[in-house]
Structure formats: structure tokens, C-alpha cells
Amino acid sequence: MPPDRVRAALTGAVRPVCAYVYDREVLRSRAATLKAALPSSAEVLYAVKANGHPDVVATLAAATDGLEVASGGELALARAAGARRIAFGGPAKTDASLRAAVAAGALVHVESALELHRLSAAADVEVSVALRVNRRDGGLPGSHQMAGAPTPFGIDEAQLPGVVALARALPHIRLVGFHLHAVSNNLDGALHAAFVASSLRWSAATASALGIALEYVNVGGGFGVDYTGTATFDTAPLAGLVPPDGVRLVFEPGRWLAADAGWYAAEVLDLKHTHGRWFAVLRGGTHHFRLPAAWGYSHPFTVLPVPDWPHPYPRPCVQDAEVDAVGELCTPRDVLTRGQRVDRLRVGDILVFGRAGAYGWDISHHEFLRHPHPQILVV
Ligand SMILES: *Cc1c(COP(=O)(O)O)cnc(C)c1O
């Protein structure tokens, strides 16, 4: 069940209910838990793409060391949120966004030799740069692998000496270290710690081989969340990591900070039994919460019973049955959950999907079918 303050917010929501609820208290507590678990000198930047709602961004800007952004739009959000530090990444930066990053005093995670040229040309003052490297063996298991394999992200390790030489030759560029984000949704804390330790060793060895005064090692995000089970990412193994003197060790998680702070709630508009299966049709769906469809899993829900039924006609109800939670789109792929057992479910009850605070609304195709957007309630 969602916490009382989330249920209270839903009680006042517009009917039929279709809403996201974001809880700032949970955001603060996740950030504090992570800061306490990491080595004291380590820095945490929140990766804004997980949830760019201005209140979420402002809350995490205050509760962490700063923000990681991946577009000009996110950069503007980060500035508005008063972020103490901003790191600007992403594989396809425009000249306008590079200029904005320089103006904001952001550290730029540069992903190619051409981008380095463009950044140098866009800069009128010195800009700190970390090179994003796709290492030969820097991979990690998880839902999305981004390094140690062919991907569009970063600079292939074999090309690094040439890019470092270029960084040295170009005006306004101050090379401070490396960015090694490698994975999303890794659930194994021990493996993650081994990855970070190896990233620190590799960075020190590479900096020394290429004559870089190493100041910055960003190991990215990727701490996982188990949407369908009870596994948790164990942060304890990360506590023992010690960066070399004078080196900032930076993490930039998104999902782990924001997922638990969001709930997606949708009212049951219809209940039907066809070809032996129960369907709960919702005021909502994958155009608001795309993650389960994108990843191909069933997202669990809880039923929030709504007692009142102010209509003269009978209220459809199903008891002790398996139900598919489907959305309001005209496609059989608009499915949030398949075959979840319910004790009782009625039209007018509300399904609440927890762990919807990261990569929920932000990654969804909001305009498909032009249904009204959900309310966004921040508590
Ligand atoms: C998406 C992303 C993150 C955050 O990843 P999570 O899996 O949400 O922790 C961090 N850094 C970069 C470069 C990213 O692309």
C-alpha cells in the first residue's frame, strides 16, 4: 500500500482518477541513504532524465551534490533548480547546448573527437572536460549495457590517446578525467563495487600513461530496482571504495533515487471477461507509464478500494480472479500488468502502481490518442 500522504493526495484527485504522485520525503530519504552508504568523499549527482519534474529536480538538487543533465532542456531545468554542480552528458549535443553548458559552468562529458572540437569552438572561457570512454572490458550486467560492447556511447578505448592529444591542443579545454557510465538497472551491489574499483584503477593507469593530471572519475549510475520481485541493490560493498588522493569519485544514479518516490494511479473504467480472461480497463495506460511495455514485464499494483458508487446501474465487480490491467489506448499492447490476482476489484476502484517515479511519465508517449494527461500531485 502507498503511504498515507500519497493516498490522501489521491482522495482529492479529479475523477476518474489518473495521476502521478511524487513524494519529496522519499526522494530526500533515498538521497540521504545513498550518501551515507558511499565513501564520505564521493559525490552524488542526480541523473535528471529519470524524472525531470521541476519539484523532483529541485528536491534532489538540494539533497545531493548536483545534477547530471543530457540535453539543453535538462540543463535549463538544472539551472532553475539551483544545482550546485552540473555535469552535462549525452551522445548528441548541439552547439547551442554546448554554449549553454559553458555559460552554466558545467563540466562536460565529451563523447567524441568531433564533439571536443565543437565544444572548444563554442567556448569563450575554460571548460572542464571528462572524456566518456567505452572501455575494452568495462561492462556490467544489467538491463541496458553501454560499455565493454559496441554502443554509440563514448570513445572507444583504442582511440583515446588521439582524443587526449586533441584535448591538449585545443583552446579552452581543461581535461580533468573520465566518465565511465556503463549500465542501467544492475541489481548486484558487489559486482557494481568491483566495476567502480576497476574504473578507478583503469583511470589512474590510463591518466598516468597519457600524462593526465587525474581529478575526476565519474562512474555513472545504474543502481538497479527490482520491479517484480523483492531483490534490492546492496550499497554496502560501495562503502569501501577509496579514490586516489585528489580525485573526485562521482556517481550519477537516476532510477535508484527516484523510482520509489513515484506512484501512478489509474481508476478502473470497465471490467470485462472475454475468452476466459479478466480485463480491468483503466483511465490511463502505457502512454503515461511506458516502462512495463518497454521492458516487457508485468508491473505489480495494489487496489485502492473506492466505496462510493453514485450510479443507478449495477457496479461491475470481480472476486478472487487473475486480472490484466490494460489502458485506454486502442492497441492490445497497452498492458501494464498481466494476470495479477485480486481479492476483489470493482469499476471505480483505483489501481496504484508503485515504483513509478523513474522512467515513468518521462519516457512515455503522451500524445498518442490525445487522452488528457494525468494530474501530477507532489506531496
Ligand atoms: C541514464 C544515465 C544515468 C542514470 O542511469 P540510472 O540507471 O537511472 O541510474 C547516468 N549517467 C548517464 C550517462 C546516463 O545516460
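So, to kick off: is Leu200 buried or exposed? The answer is buried, because its relative accessibility is 8% and the cut-off for buried is under 20%. Before I go on, keep in mind that what you're looking at is a predicted model.

Let's stay with Leu200 for a minute. Leu200 sits in helix H8. If you skip the residues up to four places away in sequence, Leu200 touches Val217, Val242, Pro243, Pro244 and Leu249. Take Val242 from that list: along the chain Val242 and Leu200 are 42 residues apart, and their C-alpha atoms are separated by 8.8 Å.

Now the helix itself. H8 covers residues 189-210, which makes 22 residues. At 1.5 Å a residue you'd expect a span of 32 Å, and the C-alpha atoms at the two ends are 31 Å apart, so the model agrees with the expectation. Leu200 has company on the inside: Phe195, Val196, Trp202 and Ala207 are among the other buried residues of H8. The list also takes in Gly189, His192, Ser198, Ser199, Ser203 and Thr206.

What covers those buried residues? The cover includes helix H7 (160-169) and a set of strands, namely S6 (127-134), S9 (173-179), S10 (183-184), S11 (216-218) and S12 (248-251).

Have a look at the two ends of H8 as well. At the N-terminal end, Asp188 acts as the cap, with a side-chain oxygen 3.1 Å from the backbone nitrogen of Ala190. At the other end, H8 is followed by Gly211, and the phi of Gly211 is positive, near 70 degrees.

Okay, on to the ligand. There are 14 residues around it, and the ones that come nearest are Lys49, Ser184, Gly222, Glu252 and Tyr359. By type, that shell splits into three nonpolar, six polar and five charged residues.

A few polar contacts to pick out on the screen. Lys49 has a side-chain N or O atom 2.8 Å from an oxygen atom of the ligand. Arg255 comes in through its backbone: a polar backbone atom there is 2.8 Å from a ligand oxygen. And a polar side-chain atom of His181 lies 3.5 Å from a nitrogen atom of the ligand. As for how covered the ligand is, taken alone it exposes 380 Å², and the protein buries 92% of that.

His181 deserves another click. You'll find His181 in the loop between S9 and S10. It's a loop residue, but His181 still counts as buried, because its relative accessibility is 13%. Its side chain also has a partner within the protein: a polar atom of that side chain is 2.9 Å from the backbone nitrogen of Gly221.

Next, two alanines. Where is Ala167? Ala167 is in helix H7, one of the elements that cover H8's buried residues. Ala167 is buried too, because its relative accessibility is 4%. Leaving out residues up to four places away in sequence, Ala167 touches Leu116, Ile173 and Leu175. For a sense of scale, Ala167 and Asp270 are 103 residues apart along the chain, and their C-alpha atoms are separated by 60 Å.

The other one is Ala83, in the loop between helix H4 (72-80) and strand S4 (86-88). Ala83 counts as buried because its relative accessible area is 17%. Setting aside neighbours within four places in sequence, Ala83 is in contact with Ala61, Leu67 and Ala78. With Ala61, the C-alpha separation is 5.2 Å, across 22 residues of chain.

Last bit: some backbone oddities, if you like checking those. The peptide bond from Arg15 to Pro16 is cis, with omega near -15 degrees. Pro16 is in the loop between helix H1 (4-11) and strand S1 (18-22).

Then there are two histidines with positive phi. His172 has a phi of about 75 degrees although it isn't a glycine, and you'll find His172 in the loop between H7 and S9. His172 is partly exposed, because its relative accessible area is 32%. For His275, phi is near 50 degrees, again positive in a residue other than glycine. His275 lies in the loop between strand S13 (262-274) and strand S14 (277-282). And His275 counts as exposed, because its relative accessible area is 87%.

That's my tour, thanks.

Terms used:
Residues numbered from 1 in each chain as written. Predicted model: local features only at pLDDT ≥ 70, side-chain atom pairs only at ≥ 80, totals over all residues. Heavy atoms only, no water. Near = heavy atom within 4 Å. Polar contact = N/O pair within 3.5 Å; in protein donor to acceptor, adjacent residues only side chain to side chain. Areas by Shrake-Rupley, 256 points an atom, 1.4 Å probe, with all protein chains shown as cover. Nonpolar A, V, L, I, M, F, W, Y, C, P; charged D, E, K, R; others polar. Helix = DSSP H or I, 4+ residues; strand = E, 2+ residues; numbered from the N terminus. Expected span 1.5 Å × (residues − 1). Buried < 20%, exposed > 50% of the residue type's maximum accessible area, 1.4 Å probe, protein only. Contact = heavy atoms within 4.5 Å.
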